[in-house]
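Ready for a bit of practice? Work through the exercises below with the structure open beside you.

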Amino acid sequence: MLFKKKSQDLKTVKLEDFNIVGDLEHNEILFYRRKFDNKDTSCLLADDANIEVRRQFEAAVIIGGAGEKWFNNGTYKIFDTKDDYRDYIKNGKSVEVIYVAKNANVTVAFGTESRFTYVDEASNKVITIGGHGKCFVKVANSMRFFGEVVGSTSEFNVDEFQNMFRRIISKSFRDLFYTVIGDLKLTWDQFDRRTADIEESMGNILNEDLQKKYGLSVHEFTVKINLLEDEVEEIKKFADDKRKEDKEKREREEQEEKDKKKLKEYLAEAERLADKEWERTQWLKRLELEDNKAYYDVLKVIGSKPEKKEEPKEDNKCPACGMPFKPTDKFCPNCGGRVSKDPIICPDCSKVNEPTARFCAGCGKKL
């Protein structure tokens, strides 16, 4: 920026004296710089010259290339002593005036320099990650910004600034991503839904880092995380299979809980009928028909064995009427005839007789 030429010594340095095009309060120019020396006779500083600083700016005066003095809103003397002025006007020491804009926002667009990999916690799959976005950067600490970013550079335009911080943010993107995704405990399928949380966390970390290193603050940080389509499809299939597996497992567990509850109820009923043999037997028979699995589960606990249903054998038929009978029967349930094959002991003489004997072979008593 060039000063307007003056015919007499300049008594007040102010932004209006810079040939600036545009709105001083709303633009992307972070600082304005001008060097005065005694060779430029068209614009010499007066010995009582002041610097005027508007509230939207901070300003620095550097005499002889060292020892800058910073000023906020107000009007201040440029030369503290006559010796300072003498060094400028006679000894040729330069006077630099720097205005730093506190409200100027510079847009910085960034993108990952190359894709990187990330192991998704939910699927345990390796995902290839890329990202791009933008943010606004403004000066938070004028002295640090001037010392770390501007320095002695006489020409430092917006394009150079944007390129510098595009590289800085792009280079740090991977570490920012790892930190934020880890802190928020996000899986790949939550990236889009939780974009606002990712942006806020990344922006906060970056803001703290840039303020500490460069005196700059970060605002309105936005980002888009990109995944490879074929990897996404593979992970989706894995996720679908996992959901199906989890659903089946959950259903099995729910059924097991129901079975346990029913078994508990059945065991309580079996306990209630413990001294009622006939009722208990009938209840077990009904249970066997209604819920065969529960029936055997109950038997495992109470220690009973299911009755074996024996078909009548051909020789277990009454010789008199042909009616089948059980092996434990002594007389036919139909005609009353003796069917037991056990020997008959005479009640009078204790003679052991054949099962079919009608009279005792020892004493002749009718059996």
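Start with Cys332: it is buried, with a relative accessible area of 5% (buried means under 20%, exposed over 50%, partly exposed in between, with a 1.4 Å probe and protein chains only). Before going on, note that this is a predicted model, where local features need pLDDT of at least 70 and side-chain atom pairs count only at pLDDT 80 or more, while totals for chains, interfaces and linings use all residues. Residues are numbered from 1 along each chain as its sequence is written, and side-chain values use heavy atoms, leaving out hydrogens and water.

**Exercise 1.** Find out how many disulfides the whole structure has.

*Solution.* Step 1: recall the rule, a pair of cysteine sulfur atoms within 2.5 Å. Step 2: search the whole structure; you get zero disulfides. Step 3: check Cys318, whose nearest cysteine sulfur, that of Cys335, is 3.5 Å away, so by the 2.5 Å rule Cys318 is in no disulfide. Step 4: do likewise for Cys332, where the nearest cysteine sulfur belongs to Cys321 and is 3.6 Å away. Step 5: look at Cys318 again; it is buried too, at 4% relative accessible area.

**Exercise 2.** Work out the order of the strands in the open sheet.

*Solution.* Step 1: strands are DSSP runs (E, at least two residues), numbered from the N terminus, and two of them pair if DSSP finds at least two bridges between them. Step 2: strand 3 (residues 45-53) pairs with strand 6 in the antiparallel sense, over four bridges. Step 3: for one example, Asn50 has Lys77 in strand 6 as its bridge partner. Step 4: put the three strands together and the order reads 1-3-6, with mixed pairing. Step 5: strand 1 (10-13) and strand 6 (74-77) are the edges, each pairing on one side only.
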